[in-house]
Amino acid sequence: MPSTALAGIRVLDLSRVLAAPLATQMLADLGAEVIKVERPGTGDDSRTYGPPFAPGTDTAAFYLSCNRNKRSVTVNHATVEGQELIRALAARSDVLVENFRAGTLAKYGLDHESLLALNPRLVYLSVTGFGQTGPYAGRPGYDGIFQAMSGMMSVSGHPDEPMKVGVSMVDILTGLYASTAVLAALRHRDATGEGQFVDLSLLDCGLASLSHFAMNYLVSGEVPRRRGNGGYGGIPSHAFHCADKPLFLVAGNDKQFAAFCAAADRTDLLQDPRFATTSARITHREEILPALEAIMRTRTRDEWLALLDEHDVPAGPFNEMPEVFADPQIRHRGMLVEVDDPVSGPLPLLANPIRLTATPVENYTPPPALGEHTAEVLCRLAGLTEDQLAGLRARGVV
């Protein structure tokens with residue numbers, strides 16, 4: 001049996017910045033050989049998205065977040081010789097991932113039609129802002145734009161102010177959709193022998209991520225209201241200020257609400273028909289929340305957390321980053337790993353959260369230096385000699 005889930009799968013990664021590199025990092029974590037192709041001299045734009053930078057380097061933490069377990073090769077795709085090298089690598093790959101603007105790679109003969117003709121078993125994934133078709137297909141875009149256009153910002157923030165999610169959420173969600181799409185296409189390829197083209201749009205993924213918010217609107221016709229740190233499900237699902245610090249409390253069903261009332265010594269709330277059921281509490285949200293806010297201010301955060309845990313009511317503190325990584329559950333789950341980078345030394349990385357019993361994610365290598373594996377990969381897979389490689393370097397091809 002393979003030691004990793006994707007052992008034997010080779011991914012040619014022509015992507016940069018975040019969404020698509022996150023997808024290829026996921027595939028690399030699961031055991032695929034991922035060859036990251038970058039521009040000679042400059043590389044992935046995100047290498048410069050700092051500070052902060054890794055100690056003793058000019059490599060941004062942003063780049064480090066989505067490029068572990070990969071090999072870096074420099075090839076100038078704008079040159080004829082560079083295009084030939086990429087075609088040679090694509091011919092020996094299972095997957096190609098790119099996030100150039102729609103139509104760009106066709107100018108160089110590196111589009112999906114050209115490369116699938118060369119390698120019919122290839123899974124070719126394109127990640128773009130708006131997809132390959134439609135009136136916006138040629139536009140550029142970034143995460144904040146897609147949070148705004150998809151409706152994500154319309155349901156985030158306070159009533160008088162739409163708000164972007166702090167992290168690049170559409171990029172991250174698109175990366176997850178992308179890795180799932182690749183795995184599905186590989187399953188089809190293994191069953192039929194046929195590769196295929198996967199067209200993934202950040203705008204589409206941002207909209208799809210609205211899930212029940214979008215469905216509520218489609219069913220009711222009612223525009224969702226922004227509720228700050230309040231949820232749309234069972235009540236309470238809300239941030240509350242305690243006597244000292246805030247916490248987030250969710251009682252998502254009647255059993256949990258009854259347990260909360262017992263913990264708070266306010267079982268009288270259960271006798272009020274406005275609050276007796278989940279639907280009633282949702283309907284009378286504006287009436288119950290002030291009462292709950294007053295109750296929560298009667299104890300400190302830690303007193304409430306202990307009491308709610310005792311009564312099996314879901315709740316959690318608002319953790320800043322130092323508290324996140326000090327949390328005993330996070331530490332127990334091994335969500336922080338450390339690798340030895342040859343330049344910066346010990347380098348902390350977020351672990352992959354997937355836990356597999358037969359093919360666990362265990363190997364972590366530091367994100368590669370620009371062009372670190374150019375000679376090894378091009379000699380092994382493109383058949384170059386050392387002299388040919390030297391000539392290509394002199395001409396700025398690699």
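In this predicted model, Asp312 is exposed, with a relative accessible area of 62%, and the residue is placed in the loop that runs between helix H12 (301-310) and strand S11 (315-317). The backbone of Asp312 has a phi near 60°, which is a positive value in a residue other than glycine. A positive phi is also found at Val17, where the angle is near 75° and the residue is again other than glycine. Val17 likewise has its place in a loop, namely the one between strand S1 (10-13) and helix H1 (19-29). Val17 has a relative accessibility of 17% and therefore counts as buried, whereas Asp312, at 62%, is exposed.

Further backbone features occur in the loop between strand S2 (33-38) and helix H2 (61-64), where Pro51 lies. The peptide bond that joins Gly50 and Pro51 is cis, with an omega of about 10°. The peptide bond that leads on from Pro51 to Pro52 is cis as well, and its omega is near 5°. Pro52, like Pro51, is located in the loop between S2 and H2.

With regard to the packing of helices, the axes of helix H3 (residues 80-91) and helix H15 (residues 374-381) come within 10 Å and cross at roughly 70°. Because angles of 65 to 115 degrees count as roughly perpendicular, H3 and H15 are described as roughly perpendicular to each other. The crossing in which H3 passes H15 is left-handed. On the side of H3 the contact is made by Leu85, Ala88 and Leu89, and on the side of H15 by Val377, Leu378 and Leu381. When the residues of this contact between H3 and H15 are divided by character, 6 are nonpolar, while none is polar and none is charged.

In the interior of the model, the largest nonpolar core comprises 45 residues, and those with the most contacts inside this core are Ile9, Val11, Ala32, Val95, Leu125 and Val127. For Leu125, when neighbours within four places in sequence are left aside, the residues in contact are Leu96, Val97, Glu98, Ala178, Val182, Val198 and Leu200. Apart from the largest core lies another core, which has 26 residues and includes Leu12, Ala90, Leu105 and Tyr124 among them.

Definitions and conventions:
Residues are numbered from 1 along each chain as its sequence is written. This is a predicted model: local features need pLDDT of at least 70, side-chain atom pairs count only at pLDDT 80 or more; totals for chains, interfaces and linings use all residues. Side-chain values use heavy atoms; hydrogens and water are left out. Axes are lines fitted to C-alpha atoms, for helices over the stretch in contact, and angles run from 0 to 180 degrees between N-to-C directions. Helices (H or I, at least four residues) and strands (E, at least two) are DSSP runs, numbered from the N terminus. Angles under 35 degrees count as roughly parallel, over 145 as roughly antiparallel, 65 to 115 as roughly perpendicular and the rest as oblique. A crossing is left-handed if the near helix is turned anticlockwise from the far one by less than a right angle, and right-handed if clockwise. Contact means heavy atoms within 4.5 Å. Ala, Val, Leu, Ile, Met, Phe, Trp, Tyr, Cys and Pro count as nonpolar, Asp, Glu, Lys and Arg as charged, and the others, Gly among them, as polar. A nonpolar core is a set of buried Ala, Val, Leu, Ile, Met, Phe, Trp, Tyr and Cys residues joined through side-chain atoms within 4.5 Å. Buried means under 20% relative accessible area, exposed over 50%, partly exposed in between (1.4 Å probe, protein chains only).
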